[in-house]
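Subject: Structure handover

Hello,

Please find the structure below, followed by notes on what was found in it.

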Amino acid sequence: MAKTPRTWTGARTPSGLKRVRQAARRHEVLGPRRSAAKTYVAKALSTVAVSNDAETATAALIEAISALDRAAKAGAIHPNAAARRKSRLTRAVNAAVGGATVSGGSRVTKQTGKAAAQKAAKARIAAGKSTKAKGAQTAAGKARAALSKTARAEAAAAKAAEATTTATTAPAKPSRQATKAATSKATASKPTKSTPAKATAKATAKSPAKRTAKS
């Protein structure tokens with residue numbers, strides 16, 4: 001059953017009634033900010049129309065621009081609408097003051113891509129780490145850092161000197177091909193000699209066996 005009378009011409013469903021309540025709450029919050037932005041813009045225009053003082057016009061313009069920024073940030077007006085109104089108001093104030101440039105307090109936001117934003121963030125993080133590492137130190141800390149630096153430099157110099165001395169004193173090793181050629185030549189030139197003692201032993205061992213076989 002419907003929770004509203006038949007004479008009701010608005011929302012009837014629960015979701016529709018909830019939307020009505022949300023819109024009412026948003027209107028209570030955002031309405032004053034939208035109204036304040038319009039009020040400050042009208043005040044700036046009236047101030048410029050009454051007096052041609054650049055300082056007064058600048059103060060009124062800054063208040064109006066701040067009100068427009070707050071309204072856009074809260075969602076009371078669209079950001080593009082806020083930018084358009086600030087631009088028109090600034091041009092009107094400049095023309096009314098007499099061509100003098102009136103600096104507004106608006107902050108220009110630069111649109112960057114995702115990759116560029118990530119690169120900039122990494123650069124900021126690296127810069128912060130470097131500044132933290134090289135921050136203010138005590139005298140003892142500076143002395144320890146200098147000592148460790150000199151110690152590292154001395155160790156590196158000693159290691160380099162040792163490497164040069166070992167390179168100069170070490171004998172040159174022959175290559176594998178030269179060693180293989182030398183060994184092959186030695187084996188080829190070596191004669192095969194049989195000792196006389198071994199030859200006589202073989203002859204004496206064979207002769208009695210032959211004689212017994214004949215007899």
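Overall make-up

From the N terminus on, the elements of the protein chain run α-α-α-α-α-α-α. The secondary structure comes to seven helices and zero strands; helices (H or I, at least four residues) and strands (E, at least two) are DSSP runs, numbered from the N terminus.

This is a predicted model, in which local features need pLDDT of at least 70 and side-chain atom pairs count only at pLDDT 80 or more, while totals for chains, interfaces and linings use all residues. Residues are numbered from 1 along each chain as its sequence is written, and side-chain values use heavy atoms, with hydrogens and water left out.

Of the 215 residues in the protein chain, 14% are buried. Buried means under 20% relative accessible area, exposed means over 50%, and partly exposed is in between (1.4 Å probe, protein chains only). The chain exposes about 17,600 Å², and carbon and sulfur atoms supply 60% of that area; accessible areas come from the Shrake-Rupley method with a 1.4 Å probe, and for residues only the protein chains shown count as cover. Among contacts (heavy atoms within 4.5 Å) with a separation of 6 or more, 57% are between residues 24 or more positions apart.

The nonpolar core

The largest nonpolar core has 20 residues, and Leu 68, Ile 77, Leu 89 and Val 93 have the most contacts inside it. Such a core is a set of buried Ala, Val, Leu, Ile, Met, Phe, Trp, Tyr and Cys residues joined through side-chain atoms within 4.5 Å. At least two of its residues come from each of helix H1 (14–50), helix H2 (54–74) and helix H3 (79–97). H2 gives the most, with nine residues.

Leaving aside neighbours within four places in sequence, Leu 89 is in contact with Val 41, Ala 44, Leu 45, Leu 61 and Ala 64.

Helix packing

The axes of H2 and H3 come within 9 Å and cross at roughly 175°. Axes are lines fitted to C-alpha atoms, for helices over the stretch in contact, and angles run from 0 to 180 degrees between N-to-C directions. H2 and H3 are therefore roughly antiparallel; angles over 145 degrees count as such, under 35 as roughly parallel, 65 to 115 as roughly perpendicular and the rest as oblique. The H2 side of the contact includes Leu 61, Ala 64 and Leu 68, and the H3 side includes Arg 85, Leu 89 and Val 93. By class, the residues of this contact are twelve nonpolar, one polar and three charged. Here Ala, Val, Leu, Ile, Met, Phe, Trp, Tyr, Cys and Pro count as nonpolar, Asp, Glu, Lys and Arg as charged, and the others, Gly among them, as polar.

For H1 and H3, the axes come within 10 Å and cross at roughly 10°, so these two helices are roughly parallel. Val 41, Ala 44, Leu 45 and Val 48 of H1 meet Leu 89, Ala 92, Val 93 and Ala 96 of H3. That contact has eight nonpolar residues, no polar and no charged.

Two residues of H1

Leu 45 is in helix H1. Is Leu 45 buried or partly exposed? Its relative accessibility is 40%, so Leu 45 counts as partly exposed. Outside its neighbours within four places in sequence, Leu 45 is in contact with Leu 89 and Ala 92. The C-alpha atoms of Leu 45 and Ala 96 are separated by 9.0 Å, with their positions 51 residues apart along the chain.

Arg 26 also lies in helix H1. With the same neighbours left aside, Arg 26 is in contact with Gly 31 and Gly 75. Arg 26 and Gly 75 are 49 residues apart in sequence and 9.6 Å apart, C-alpha to C-alpha.

Regards
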